[in-house]
Amino acid sequence: GPPAGKRLVYFVDDLNMPFVEEYGTQTPIELLRMHADYGAWYDRHDLELRKQIVDCQFICAMNHKAGSFSVNARYQRHFAAFGCQSS
């Protein structure tokens, strides 16, 4: 996370781009969902180690002309969704 007393904002562009797998999941998005649901990730080498990540915020954008055209509802529920049309 960010230094003490600071906040970090991640901008994730093209959130709908990851390939939808056979079981309907998108692996990169599932990692982001895990952080949104639990506020932490587990270390792949030591499953007893839970890495707590604090003071972070995510802002995402989706491309309406390319990608899978959907995002897992379990992840999308963490966001307020806005539709913008360019002129």
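**Exercise 1. Is Asp14 buried, partly exposed or exposed, and what is its relative accessibility?**

Solution. Start with the basis of the values: this is a predicted model, in which local features need pLDDT of at least 70 and side-chain atom pairs count only at pLDDT 80 or more, while totals for chains, interfaces and linings use all residues. Residues are numbered from 1 along each chain as its sequence is written, and side-chain values use heavy atoms, with hydrogens and water left out.

Step 1. Apply the classes: buried means under 20% relative accessible area, exposed over 50%, and partly exposed in between (1.4 Å probe, protein chains only).
Step 2. Asp14 has a relative accessibility of 28%, so Asp14 counts as partly exposed.
Step 3. Place the residue: Asp14 lies in the loop between β1 (8-12) and α1 (27-38). Helices (H or I, at least four residues) and strands (E, at least two) are DSSP runs, numbered from the N terminus.
Step 4. Check the backbone: phi of Asp14 is near 55°, a positive value in a residue other than glycine.

**Exercise 2. Describe Asp55 by loop, phi and exposure.**

Solution.
Step 1. The loop between β3 and β4 holds Asp55.
Step 2. Its phi is near 60°, again positive in a residue that is not glycine.
Step 3. Asp55 has a relative accessible area of 35% and is therefore partly exposed.

**Exercise 3. Which backbone nitrogen does the side chain of Asp43 reach?**

Solution.
Step 1. Locate Asp43 in the loop between β2 (40-42) and β3 (50-52).
Step 2. With a relative accessible area of 15%, Asp43 is buried.
Step 3. The side chain of Asp43 reaches the backbone nitrogen of His45 at 2.7 Å.
Step 4. Apart from neighbours within four places in sequence, Asp43 is in contact (heavy atoms within 4.5 Å) with Leu49 and Lys51.

**Exercise 4. Why is Cys56 in no bond with the closest cysteine sulfur?**

Solution.
Step 1. Set the rule: a disulfide is a pair of cysteine sulfur atoms within 2.5 Å.
Step 2. The closest cysteine sulfur to that of Cys56 belongs to Cys60 and is 13 Å away, so it is too far for a bond.
Step 3. Cys60 is likewise in no disulfide, its nearest cysteine sulfur being that of Cys56. The count by this rule is 0 disulfides.
Step 4. Compare exposure: Cys56 is buried at a relative accessible area of 15%, whereas Cys60 is partly exposed at 24%.

**Exercise 5. Which residues does Cys56 touch, not counting residues up to four places away in sequence?**

Solution.
Step 1. Cys56 lies in strand β4 (residues 56-60).
Step 2. With those neighbours left out, Cys56 touches Gly1, Pro2, Arg7, Leu8, Tyr10 and His35.
Step 3. Take Arg7 from that list: Arg7 and Cys56 are 49 residues apart in sequence, yet 5.8 Å apart in space, C-alpha to C-alpha.

**Exercise 6. Summarise the protein chain as a whole.**

Solution.
Step 1. The secondary structure comes to 2 helices and 4 strands, in the order β-α-β-β-β-α along the sequence.
Step 2. The C-alpha trace spans about 45 × 35 × 15 Å along its principal axes.
Step 3. Of the 87 residues in the protein chain, 22% are buried.
Step 4. For contacts between residues at least 6 apart in sequence, 59% join residues at least 24 apart.

Terms used
Polar contact = N/O pair within 3.5 Å; in protein donor to acceptor, adjacent residues only side chain to side chain.
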